[in-house]
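Q: I would like to learn how to read salt bridges, burial and cores from a model. Can we work through the structure below?

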Amino acid sequence: MKVTSQIFLSAFVLMQLSCFSSKITAQKNSKIKVYTTAENTNLKLTLSNDLISKNNTTQQKTSTVSIRVNTEKTDQTFLGIGGAITDASAEVFAKLSPKKQQEFLTAYYDKNKGIGYTLARTNIHSCDFSSDSYTYISEGDKELKTFNINHDRKYRIPLIKKAIETAGGKLTLFVSPWSPPAFMKDNNDILHGGVLLPEFAPAWALYYTKFIKEYEKEGIPIWGLTVQNEPMARQSWESCIYTPEAERDFLKNHLGPTLEKEGLGSKNVIIWDHNRGDMLTKRANLVFSDPEVSKYAWGIGFHWYETWNGGPPQFESVAKVHEAFPNKNLLFTEGCIEKFDASKYQFWGNAERYGINMIHDFNNGTVGWTDWNILLDQNGGPNHVGNFCFAPIHADTTKDELIYTPMYYYIGHFSKFIRPNAKRVLETVNDKSLLSTSFKNSDGKLITIVMNQSEKEIVYSLENQKEKTTITIPAHAIQTVVY
């Protein structure tokens, strides 16, 4: 299907989502509800109870896969799902008409008409998805006397405030730096890696606290922070290298104590903030096994780009950390589809990548999942170094149109239905043809997400201690079952 024929989705999505209430009312006597998104159909987060097999001789189907949910066994507590509100997202949002801005906010943050995002990330001064590089101080100001966030007041702060309002007044927001100012680094460059000079560690630690306090003065509560975005990557954009020992020592000797001294000791600190794999487990072991630094660390964050060299996702490293440190938290802090190509807006494999990663991450103990940019333009940017990528929603700013990709719907199958403070419940699936994860919300509702990557529909039975239901999932589809 051509991209031009897909623009209608900007109107279609809200029509689909606004139909939820009426459809639910019509089936209010049903104990189970099935929502489906499927390739080559009109199903987009659509209530589809017609896919439930009826208990009579003519419509009863025989299941080939069994999903057994054990509500007596629970694991991690769910934090939330959301995406990053970057400079790029905010700049694109500002170019939309008020009508399209409201449509966009509703699509992401309204829990009834949209997909109910509850989690967000934003950058401490510039990152690659900014139109240019900047900091909050004059270069060379080691005492931070010139610190101000005026840059962010034009685009980013207004969007964050609107997102919070649309989400019902609360959004769990964490913040991440991509690099200290140039003069604080050994390469005297905000770009291209480099390391933090020891003499500037106290000033850099204080910088985080000033940012948090200034945002909170704006009425934007900050839930937590990561120590450094991708601390082992020397990038052409804003970046800074921390060895495992360097990150540990900076948190232990500077950032942790400074947060406490500045009255921000309750903020949740996330280490690593880079890819899954051996380094994820190494960082966790180094920090969480040391009581003097572990006390400052809420948990560990990770991305999905370990597949850059053609290898598979290393989900097992997430499981190892969860098993070794069950009292610490695992948070997915960034992921996106790289290498933007407008001809692939509706490429279904992109959405299935999200579904695969989200299901495996949750099943391995992850408490929350954060997509990268919530919005980009028709070029996959803006980005000041040209590494353009996909977002779940794009805006064609020349036409004032929103383009909803299948990724948006796949994420929504999780974010709309699994709510903060839910508990993951354990399950078994007897056939690898389906992927699944289950949660129990605090209101007692069970949520099971089922994903079919195959070329054919599959009939499966969903069972718990009380009931068994037979459901059909179409080819290349994802379902959320609420019961």
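Q: In this predicted model, are R156 and D87 buried or exposed?
A: Burial is judged by relative accessible area, with under 20% counting as buried. Both R156 and D87 are buried. Their side chains form a salt bridge, with an N to O distance of 2.9 Å. R156 belongs to helix 5 (residues 156–166) and D87 to helix 2 (residues 87–94), so the bridge links parts of the chain 69 residues apart.

Q: Which parts of the chain does the salt bridge between R121 and D273 link?
A: The R121 and D273 side chains meet at 2.9 Å, N to O. This pair links strand 5 (residues 119–124), which holds R121, with strand 8 (residues 268–275), which holds D273; the two residues are 152 apart. R121 is buried at a relative accessible area of 1%, and D273 is buried at 0%.

Q: Which residues are joined into one network by salt bridges that share partners?
A: D87, D152 and R156 form one such network. The count of salt bridges comes to 21.

Q: Why does the salt bridge between E457 and K61 tie together parts that are 396 residues apart in sequence?
A: The cut-off for a salt bridge is 4 Å, and the side chains of E457 and K61 meet at 4.0 Å, N to O. E457 sits in the loop between strand 17 (446–452) and strand 18 (458–463), while K61 sits in the loop between strand 2 (46–47) and strand 3 (65–77), so the pair ties together parts 396 residues apart in sequence. K61 is partly exposed, with a relative accessible area of 36%.

Q: What joins the side chains of T472 and K61?
A: A polar contact of 3.4 Å joins them. T472 lies in strand 19 (residues 468–473) and is buried, with a relative accessible area of 5%. Leaving aside residues up to four places away in sequence, T472 touches L51, K61, E457, I458, V459 and Q479.

Q: Which residues touch the most other members of the largest nonpolar core?
A: In soluble globular proteins, nonpolar side chains tend to be buried together. Here the largest nonpolar core has 121 residues, and F250 and L375 touch the most other members. Helix 6 (residues 201–217) supplies the largest share of this core, 9 residues. Beyond four places in sequence, the residues that F250 touches include W204, Y208 and Y242. A second, separate core has 19 residues, among them V69, L446, L462 and A477.

Q: How many residues of helix 12 are buried?
A: In helix 12 (residues 406–415), 10 of the 10 residues are buried, so the helix is largely enclosed by the rest of the structure. Among them are Y408, Y409, Y410 and H413.

Methods. Residues are numbered from 1 along each chain as its sequence is written. This is a predicted model: local features need pLDDT of at least 70, side-chain atom pairs count only at pLDDT 80 or more; totals for chains, interfaces and linings use all residues. Side-chain values use heavy atoms; hydrogens and water are left out. Helices (H or I, at least four residues) and strands (E, at least two) are DSSP runs, numbered from the N terminus. Buried means under 20% relative accessible area, exposed over 50%, partly exposed in between (1.4 Å probe, protein chains only). A polar contact is a pair of N or O atoms within 3.5 Å; within protein, one must be able to donate a hydrogen and the other to accept it, and residues adjacent in sequence count only if both atoms are side-chain atoms. Contact means heavy atoms within 4.5 Å. A nonpolar core is a set of buried Ala, Val, Leu, Ile, Met, Phe, Trp, Tyr and Cys residues joined through side-chain atoms within 4.5 Å.
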